[in-house]
Amino acid sequence: MWSAIQRDRAETALRESEQRFQQFARASSAGLWIRVAETLEMEFVSPAVGAIYGMEPDALLGDVKRWASVIVPEEREAAMGHLQAARAGNTSVHEFRIQRPSDGAFRWIRNTDFPLRDDGYIPRVGGIAEDITETQRLNEHQGVLLHELQHRVRNIMGMVTLPRVGGRL
């Protein structure tokens, strides 16, 4: 009888924990995802992942190639390397570009990939995906403005002349 009560309590705690996780995942503006470490198959994606990637979240479930196919080709290998690193036990933060299937827009993604450990074993890899496209655009715009400001300051400095006294500065 005591073991049945303990089992019931454990099941209730597990159900409540799952409900809290689902609430957190639905409320997060960052995309949350979980992969099977051995195969890198996606087994969970939060609704925000779909919004970020411009596709139904379920479309990313399963084979890692589904996710990799939206990454721009020249950045795909590096992104896969970060997944491998997480599978090996390392946490990594990296940025890459995707092309959204829904509208063809290019978006910058910052991914944090990390191992999900269970008694030293890594059965899953987790991650957080954030769309940083607007931040990237602002940084690029700031760089253009800074370059223009430097150019103008150099022009102004070139026009400034120091008075000469007796033929010397």
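A pocket is an open set of points on a 1 Å grid over the protein atoms alone, where a 1.4 Å probe fits and protein lies on both sides within 12 Å along at least five of seven lines; lining residues have an atom within 4 Å of a point.

The model is predicted, so to speak of local features takes pLDDT of at least 70 and side-chain atom pairs count only at pLDDT 80 or more, while totals for chains, interfaces and linings use all residues. Residues are numbered from 1 along each chain as its sequence is written, and side-chain values use heavy atoms, with hydrogens and water left out.

Now for the pocket itself. Lining the largest pocket are Phe21, Leu32, Trp33, Ile34, Glu43, Phe44, Phe114, Leu116, Arg124, Gly126, Gly127 and Ile128. Strand 1 (31-36), strand 2 (42-45), strand 4 (106-118) and strand 5 (121-131) each give two or more of these residues (strands are DSSP runs of E, at least two residues, and helices are runs of H or I, at least four, numbered from the N terminus). Strand 5 supplies the largest share, four residues.

Next comes the core. The largest nonpolar core (buried Ala, Val, Leu, Ile, Met, Phe, Trp, Tyr and Cys residues joined through side-chain atoms within 4.5 Å; buried means under 20% relative accessible area with a 1.4 Å probe, protein chains only) has 25 residues, and Tyr53, Trp67, Leu83 and Phe96 have the most contacts inside it. Helix 4 (73-87) is one of the elements giving two or more residues to this core, and helix 4 gives the most, four. Phe96 touches residues including Tyr53, Trp67 and Ile71, leaving aside those up to four places away in sequence (contact means heavy atoms within 4.5 Å).

Note on methods. Buried < 20%, exposed > 50% of the residue type's maximum accessible area, 1.4 Å probe, protein only.
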